[in-house]
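Student: I'm new to this one. Can you show me how to read it, feature by feature?

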There are 2 protein chains.
Amino acid sequence: MSSSRQTAETTLSDRQQVTSPGPKKPGDKGLDAIYRAVSEAIVEHRLKPGARLREDALADVFGVSRTGIRKVLHRLALEQLVTLTPRRGASVTRPSVDEAKDVFDARLLVECALMESVAERITEADVQDLREMARREQEALRKREQRAAIKFSASFHVRLAELSGNNTLAGFVSQLCSRSSLILAVYGHAGHLGCECHDHESLVELLAAGDGKGAASFMERHLKSIEASLSIFEEPEETPDLRDIFAVNA
Amino acid sequence: MSSSRQTAETTLSDRQQVTSPGPKKPGDKGLDAIYRAVSEAIVEHRLKPGARLREDALADVFGVSRTGIRKVLHRLALEQLVTLTPRRGASVTRPSVDEAKDVFDARLLVECALMESVAERITEADVQDLREMARREQEALRKREQRAAIKFSASFHVRLAELSGNNTLAGFVSQLCSRSSLILAVYGHAGHLGCECHDHESLVELLAAGDGKGAASFMERHLKSIEASLSIFEEPEETPDLRDIFAVNA
DNA sequence: CCGGATCATAACGTATACAATAGGGAGTCG
DNA sequence: CGACTCCCTATTGTATACGTTATGATCCGG
């Protein structure tokens, strides 16, 4: 019973520091910090899909009671990052093939359509900011720091969506990017990250030039190439769970 | 001070029956029923924007403790249906002008794009189902039962999105429709409901004929006409809150 | 008579305690 | 020797209790 659980525990206890472990309880701000910590850990693949998230363990790690942990867990469940099984507890969501397809279709639809608005509204400061984010992502990739690279990549896409001015759609994109990270964790190749080439840098230049249509088509190719790089074999009726169980840390 | 609050209390206690008040607690299924009840009440405008949702009152009404109510309230807050002020409690969200614009832009983008998929995948049974929903909406409108009409209208749009086969985007549309109901409650005219004409029925026939592009453009006109019917005066820097406070039940 | 400060109350935020349930292990029977 | 059953434990679901804080009223001073 220790093998599968150990994975989650080890990954979790690997970084058991909370932002403010002080005795003060200013409000529910601390809960939001815990939410960000867990969410980031999931996006960075430090918590892999299928990892169990026991309330007691999380409460102990973050120094709060189960009450706050439950709130965070339910919020993550609403965003489809964790799956809540009625009496079994929470675990990091393992996206199905259909879910993966839905998420990428949604990203294709929303993110491409947003490019035109972004191209119209983008400022020079935004361009500088995006260039910096793309640069840091490339630097992380060069250093083989895949965790940081994944986080920067997701942040880039979210930042881009925020520049559209539509906060509602930006929120959707944020969720979709987080779920995409889960999908990459399950169906992506080990050494092959999603955005390897200099796609993001090229995208920034297109937007800086005000070429909204060009950015949209580029984003379409970009997302499709990521989706195409996934190892999605249509085998829903076989025994996919067993394959994962026998190769837990693959 | 009592005028604005009284509205919420009265509307709430107007219907204090829960789906299953039995002594049995099978799981968190009861919580989901409470969530649906509150969500439906908000969508049907029985809980108007700005109405305060006190935890104790809700707990008393539904016969559960504050714990479950808190979960429901936080879930509704995640969907932007209620607003949680740190130490002030929960209240039905009063969408701002910018939020309204974002929501309708998002609907325009997503729902129109979904029409093509729907036209390809729709079956005869789906057509019959949609026709029935549109018919019931028209019947409710004819009887001047605006609450039921609003609910049926939102259900129609959600059902349509579900037929696209993309559950992720369908979930987004569901959220957007709920928020649209809030927007209509704030910025819509009293007697003028959103989908008055036989737009939905026409839409069904276009989809039944497999005309995805036609349905998309029709949906575009449909949503734009709803948005155009709103009384959105661009006065963000004025004192919009005061105007609403002085005309609570307008 | 008006403005400000203090205090009381009411509501939320958090923690703790109790109860229910599902899963696993050991024991036993066929 | 294998499979089934029963019990035990671990973990979540729910409720209650306590602390904190913001709001509103009252009282005092100017």
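Student: What rotation superposes chain A on chain B?

Tutor: Let's begin with the general idea. Two copies of a chain are related by a rotation about an axis and a shift along it. In this predicted model, chain A lands on chain B after a rotation of 180° with 0.0 Å of shift along the axis, at an RMSD of 0.0 Å. That is the relation of a two-fold axis. The same surface serves both copies, too: 100% of the contact residues of chain A recur in chain B.

Student: Now the strands. Which side chains of strand E3 of chain A are buried, and which are not?

Tutor: In a regular strand the side chains alternate between the two faces of the sheet. Strand E3(A), residues 89-92, does just that: Ala90(A) and Val92(A) are buried on one face, while Gly89(A) and Ser91(A) point to the other and are not buried.

Student: In which sense does E2(A) pair with E3(A)?

Tutor: Antiparallel, over 4 bridges, with E2(A) covering residues 82-85. A hairpin through 3 residues joins E2(A) to E3(A). E3(A) also pairs with strand E1(A), residues 52-53, in the antiparallel sense over 2 bridges. Look at Ser91(A): it is the bridge partner of Thr83(A) and of Arg52(A).

Student: And helices? What should the 17 residues of H7(A) span?

Tutor: At 1.5 Å a residue, helix H7(A), residues 146-162, should span 24 Å, and its end C-alpha atoms are 24 Å apart, so the two agree.

Student: Which residues of H7(A) are buried?

Tutor: An α-helix has 3.6 residues a turn, so residues three or four places apart point the same way. Here the buried ones include Ala149(A), Phe152(A), Phe156(A) and Leu160(A). Ile150(A), Ser153(A) and His157(A) are also among them.

Definitions and conventions:
Residues are numbered from 1 along each chain as its sequence is written. Chains are lettered from A and ligands numbered from 1 in the order in which they are written. This is a predicted model: local features need pLDDT of at least 70, side-chain atom pairs count only at pLDDT 80 or more; totals for chains, interfaces and linings use all residues. A residue is buried if 20 or more other C-beta atoms lie within 10 Å of its own, exposed if 12 or fewer, and partly exposed in between; C-beta atoms are placed from the backbone. Two strands pair if DSSP finds at least two bridges between them. The expected span of a helix is 1.5 Å times one less than its number of residues. Copies are superposed by least squares on the C-alpha atoms of residues with pLDDT of at least 70 in both. Two residues are in contact if their C-beta atoms, placed from the backbone, lie within 7 Å.
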